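Hi,

Here is the structure I said I'd pass along. Have a look at it first, and my notes follow underneath.

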Amino acid sequence: MPESSNRLFSKLLLIFLSTALFPLYASRVLPRRNIVALDVAASVQRTAAVIAFDSQRTHALDQTMTESTAVANSSNLSLKLHSRDFLPLALAGGHKDYRSLTLARIRRDSARIKSISARISLAVHGIKRSDLKPLITDDMLETTASGGGEVSGPVVSGTNQGSGEYFSQLGIGQPPRPAYLVVDTGSDVTWIQCQPCSDCYQQTDPVFDPAASSTYLPLSCDSQLCQSLDVSACRNSSCLYQVSYGDGSFTVGEFATDSLTFGSSPPVPSIALGCGHDNEGLFVGASGLLGLGGGALSFPSQIRSPSFSYCLVNRDSSSSSTLDFGAKSADPTTVTAPLLRNSKVDTFYYVGLTGLSVGGEALSIPSSAFAMDEAGTGGVIVDSGTAVTRLQRDAYTALREAFTKGMTDLPVAEGVALFDTCYDLSSRTSVEVPTVALRFDGGKELKLPATNYLIPVDSVGTFCFAFAPTSSPLSIIGNVQQQGTRVAFDLDNAVVGFTPNKC
C-alpha cells in the first residue's frame, strides 16, 4: 500500500475511533460527577483519637467552653464549641476500643427510636401520656415539697453519654451556674438535676441548688405552664412534673421558672424548667436536657424565637459548632424543604422528603413511603438525638441495593449490629463511593458527604453503610447524616434549611 494511502487510512481510523468510541469513553468519565471520595485514613485516625484520651488537652478544651466569643452585634453572640467526646464529661473511657463504643452508641440509638415511635403511636391512637401510670410517688411529693432575642450557645458531640447525642453548656439561675445539657429536638421540657436529690445520677457539674438562685420561682398548680405538662401533680400548691423516655430514663420534680444564660449574652428570664429530684436512666454526665421541640414548653417556643439552627460536628471530631436562636442568614447553597407538623403531637419537626438518589439516579421509591397520612402516621422527622437515619424497609432496601451496585470493587465485611452492609477498607487510604442524596419537595436535593453514610465501626478499617431499616411507618433523618450541615428551622415560614459545610 502506498505511503499516501497509509496516511489516509490512519486519518480515517483516527476519525472513526474518535466518533465511535468517545461516547463510550464519556459514559465512563462523566458519571464521576456522581462519585465522591472518602478519606479512609482520616476517619480511622479520628476513631483512635476518641479512645486515646489526653487529659491535659481535654482540660484545655473544656476551659474554652466557658469563654464566649462576642461579635460586633451584641444581640448575636456565639460560644466556642467542642466535640463531646473530647470533654471530661464525655470521655470515651470505659470503652476498650472504638468497636465497643460503636456498639454502645447503637444500643442507645435503638432505645431512642423505640421511644419516639411509641410516643407518636400513643398520640395517633389518642392515648395521652398522662393516662399512663405516673412515676410521681408519695415519697417524691415529700422530697419535692422540701425542697426573646437572639442568643447562641455551645453544641458538643455527646454520643457516648445518656439519651442525648449532643450537649450545650449554659448558665442556670442567678448567679448563673454552668451546666451541660443534652440538646434535643425530640423533647419539649427543659430540666436539670436539683438538690435535694431523692435519686440523682452522676454528673460532671455540681448539682444545681435552687435555693442559691435569686431568680428561681416555683410554679403554681393552676398556672398555664403547669397545665401544659403532659404529666403533672400538685403538692402544697406547687406544680410537679414528670417526663419519661422510652429507654427507661425519667425525671420527676418541681416545675419552676428560672433564668438561663448563654455565654456573655444577657440572661433569658423566667424560663419554665423542671427541677428534677428523682432522675434515673441514661443521662449520666449531663446536668439535664434543653428541650428544642415544637411544643409550647420548649425553649424556642417560650422565647418566641422565629427560628433556630444548629450544626452538628462529626461525633469523632474535636472541631466546633454552634446552636443559634433568632438569627437568620441567606446562603445560596442552602437546600430548603417544607417544615410539616403532626396534628397529633407537636414536638417533632417533620420534613417534606420525597425520595432518595444514588450516583445521581433517583430511586424508584413511591413518595407515599415518606408521606404522613391524615391520622398522623408515617412521615419523616429531623431529629438531633437519633444517630442513624431510619427508613421504611422497602425504601431502605432500594437504597442499599443501589449503593452496593456502585461498590463492587471493594471487599465486603460482615455486618455489625444494625448495619448489614459493611466493607473492609483496612488496605485503603481513600476510596471512591457513589453519591447519596436526599430529595425534597420541589425537586431540591441535598448531597451528603461520604463521611455521613459510610462510617467506621472500629479502628482497623471496617466501614458500614450508615442507614437502617425500620418496620415503623415513621422515617427519621439522624444526626450522622446531618453532620457538617447547618440545619435551620424557620418556624415563622415553616421551612427547614440544610446548608452544607456551615459548622
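I'll start with a cysteine: C422 is buried, with a relative accessible area of just 1%. Keep in mind that this is a predicted model. The partner of C422 is C464, with the two sulfurs 2.0 Å apart, and C464 is buried too, at 0% relative accessibility. The torsion about that S-S bond is 100 degrees, making the link right-handed. C422 sits in strand β24 and C464 in strand β29, so the disulfide ties together parts that are 42 residues apart in sequence.

Those two strands belong to an open, antiparallel sheet of four, ordered β23-β24-β29-β28. β23 (412-413) and β28 (454-456) are the edge strands with a single partner each, so one side of each has no neighbour in the sheet. β28 and β29 (residues 462-465) are joined by three bridges, and L454 stands opposite F465. Helix α8 (residues 393-405) lies across β24, β28 and β29, at about 135 degrees to β29.

Back to the cysteines: the structure holds five disulfides, and I looked at two others. C226 and C239 are linked with an S to S distance of 2.1 Å. C226 is in helix α6 (residues 224-227) and C239 in strand β11 (residues 238-244), so this pair connects parts 13 residues apart in sequence. C226 is buried at 3% relative accessibility, and C239 is buried at 0%. The link between C197 and C200 has a torsion of about -85 degrees, so it is left-handed. Here C197 is partly exposed at 37%, and C200 is partly exposed at 24%.

Elsewhere, strands β15 (residues 307-311) and β16 pair antiparallel over three bridges, with S309 partnered by D324. In β16 (residues 322-325), T322 and D324 point one way while L323 and F325 point the other, and all of them are buried.

D490, in strand β32 (residues 485-490), is worth a click. At 18% relative accessibility it falls under the 20% cut-off, so D490 counts as buried. Its side chain reaches the backbone nitrogen of D492 at 3.3 Å, and its contacts beyond four places in sequence include P306, S307 and K328.

Last, helix α4 (residues 98-124): its 27 residues should span 39 Å at 1.5 Å a residue, and the end C-alpha atoms are indeed 39 Å apart. D97 caps the N-terminal end, with a side-chain oxygen 3.3 Å from the backbone nitrogen of R99. Just after α4, G126 has a positive phi of about 75 degrees.

Cheers

How values were computed: Residues are numbered from 1 along each chain as its sequence is written. This is a predicted model: local features need pLDDT of at least 70, side-chain atom pairs count only at pLDDT 80 or more; totals for chains, interfaces and linings use all residues. Side-chain values use heavy atoms; hydrogens and water are left out. Two strands pair if DSSP finds at least two bridges between them. Contact means heavy atoms within 4.5 Å. Axes are lines fitted to C-alpha atoms, for helices over the stretch in contact, and angles run from 0 to 180 degrees between N-to-C directions. The expected span of a helix is 1.5 Å times one less than its number of residues. A polar contact is a pair of N or O atoms within 3.5 Å; within protein, one must be able to donate a hydrogen and the other to accept it, and residues adjacent in sequence count only if both atoms are side-chain atoms. Buried means under 20% relative accessible area, exposed over 50%, partly exposed in between (1.4 Å probe, protein chains only). A disulfide is a pair of cysteine sulfur atoms within 2.5 Å.
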